[in-house]
Amino acid sequence: MQAPWSKYFRLGLVHFMAYPEVSSDESRMLPTIAAVAADADFEVIELKGVSDPALRQDIRKLCESAHLTVTYGAQPLVLGQKLNPNAVDPDERAHALKQLKAGVDEAVEMGAKGFAFLSGRDPGEANRARAQEVFEDLLTELCQYAAERGDLPVVLEVFDRDIDKKAFVGPHAFAAEIARNVRQKCGNFGLMVDLSHLPLLNETAEAALAATGEFLVHAHAGNCVMRDRSHPAFGDLHPRFGIEGGENDVAELTEYLQWLFRVGYLDEGKSERPIFSFEIQPMPGESSEAVIAGAKRTLVAAWAQLEV
């Protein structure tokens, strides 16, 4: 590919994965966001929730000054509080919805342009039909709330069902079925696909993106380890590209990009360039800056091999 990737997408970074220290120390939020803001390759930053309202405003001002688009990742909220938005139990589901709505409020405060999260735990085959019904109802209510609060897109990320997160959603074809139903009521709903999760779901880029392409509004790229349970990065930990024992490197990223073009997610004629974000995490002893730079080198190599 001769044209720069900036012609086709806005490069983003999942901040709370690239800088895992912010999960336990909010004082590290502003300086690490500033480091991303100073890197002109990144046009988007994906941030977790922030408990301090004053810090939210400081973050918003910093990102606005850098012309850096913010999106809000509620995945840490769902996982950290063990929320289950597809719970069959109405009280448990109502609690999850309340917390997600609070997350939407935070996202609006921070000037975010999208709100992403994941489903709860898979309830098992016997309860999936009922879980799907109530989850679609919750998604509809959450989307309506997000539209009223700030015309905010709501994005459901597809996770693994069997290995690590064991989420309800789940296979990509199932995610597309849910999206099709919710879209009939809410135009601000879409799906996120993550290269890191494809091996964990035993799906190819072709199968995953062909199933979800119609509803795809956000793309992540990263790596995983799944064949060696003793590996320190086993599961859904998003280690750097090319890590020994990992599943994704230049070849897999190239194929993923190829299919993002084929399903129309990446297209020269789009009025707004879509988001393509790295979700990578340094392992103990590794540098965030080095892992981020390595991800960009991987993208450079993959982009050079693309034939569109």
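Which side chain does Asp-122 meet in a salt bridge? I will come to that in a moment, but please keep in mind throughout that what we are looking at is a predicted model. The side chain of Asp-122 meets that of Arg-161, with 4.0 Å from N to O. Asp-122 sits in the loop between strand 4, residues 115-117, and helix 6, residues 128-150, while Arg-161 sits in the loop between strand 5, residues 154-157, and helix 7, residues 172-183, so this salt bridge ties together parts that lie 39 residues apart in sequence. Arg-161 has a relative accessible area of 14%, and because the cut-off for buried is under 20%, Arg-161 counts as buried.

Let me now step back to the fold. The centre of the description is a closed barrel of eight strands, which runs 1-2-3-4-5-6-7-8 with parallel pairing, and from one strand to the next the twist averages 30°.

I would like to walk around parts of that barrel, beginning where its two ends of the numbering meet. Strand 1 and strand 8 run parallel and are joined by four bridges, and here Leu-13 stands opposite Phe-278 of strand 8. On the other side of the pairing, strand 7 also runs parallel to strand 8, with three bridges between them, and Ala-219 stands opposite Phe-276 of strand 8. As a general point, side chains in a regular strand alternate between the two faces of the sheet. In strand 8 both faces are covered, with Ile-275 and Ser-277 on one side and Phe-276 and Phe-278 on the other, all of them buried. Helix 11 lies across strand 1, residues 10-14, and strand 8, and runs at about 130° to strand 8.

Strand 5 gives a comparable picture to follow on the screen. Strand 4 and strand 5 run parallel and are joined by three bridges, and the bridge partner of Phe-117 in strand 5 is Leu-156. Both faces of strand 5 are covered, too: Val-154 and Leu-156 are buried on one side, and Val-155 and Glu-157 are buried on the other.

Next comes strand 2. Four bridges join strand 2 to strand 3, residues 69-73, and these strands run parallel, with Val-70 in strand 3 as the bridge partner of Ile-45. Is Leu-47, which lies in strand 2, buried or exposed? Leu-47 has a relative accessibility of 0%, and therefore counts as buried. Leaving aside residues up to four places away in sequence, Leu-47 touches a list of residues that includes His-15, Phe-16, Ile-33, Ile-59, Val-70 and Met-110. The C-alpha atoms of Leu-47 and Ala-74, which are 27 residues apart along the chain, are separated by 8.5 Å.

Two of those contacts, Ile-33 and Ile-59, take us to a helix pair, since they also appear where helix 2 meets helix 3. The axes of helix 2 and helix 3, the latter covering residues 53-65, come within 10 Å and cross at roughly 10°, and because angles under 35 degrees count as roughly parallel, helix 2 is roughly parallel to helix 3. From helix 2 the contact takes in Met-29, Leu-30, Ile-33 and Ala-34, and from helix 3 it takes in Leu-55, Asp-58, Ile-59, Leu-62 and Cys-63. Sorted by class, this contact has eight nonpolar residues, no polar residues and one charged residue. Ala-37 also has its place in helix 2, and, not counting residues up to four places away in sequence, Ala-37 touches Ala-66 and Leu-68.

Finally, let me return to the salt bridges, of which the structure holds 18. In one of them, Lys-296 pairs with Asp-39, with the closest N and O atoms 2.6 Å apart. This pair links distant parts of the chain, 257 residues apart, with Lys-296 in helix 11 and Asp-39 in the loop between helix 2 and strand 2. Lys-296 counts as buried, at 14% relative accessibility. In another, Glu-286 pairs with Arg-240, and their closest N and O atoms are 2.8 Å apart. Glu-286 is in the loop between strand 8 and helix 11, and Arg-240 is in the loop between strand 7 and helix 10, so that 46 residues separate the two in sequence. Glu-286, at 28% relative accessibility, counts as partly exposed, and Arg-240, at 32%, is likewise partly exposed. Salt bridges that share partners also join Asp-39, Asp-41 and Lys-296 into one network.

Note on methods. Residues numbered from 1 in each chain as written. Predicted model: local features only at pLDDT ≥ 70, side-chain atom pairs only at ≥ 80, totals over all residues. Heavy atoms only, no water. Buried < 20%, exposed > 50% of the residue type's maximum accessible area, 1.4 Å probe, protein only. Pairing = 2+ DSSP bridges. Axes fitted to C-alpha atoms, helices over the stretch in contact; angles between N-to-C directions. Contact = heavy atoms within 4.5 Å. Parallel < 35°, antiparallel > 145°, perpendicular 65-115°, else oblique. Nonpolar A, V, L, I, M, F, W, Y, C, P; charged D, E, K, R; others polar.
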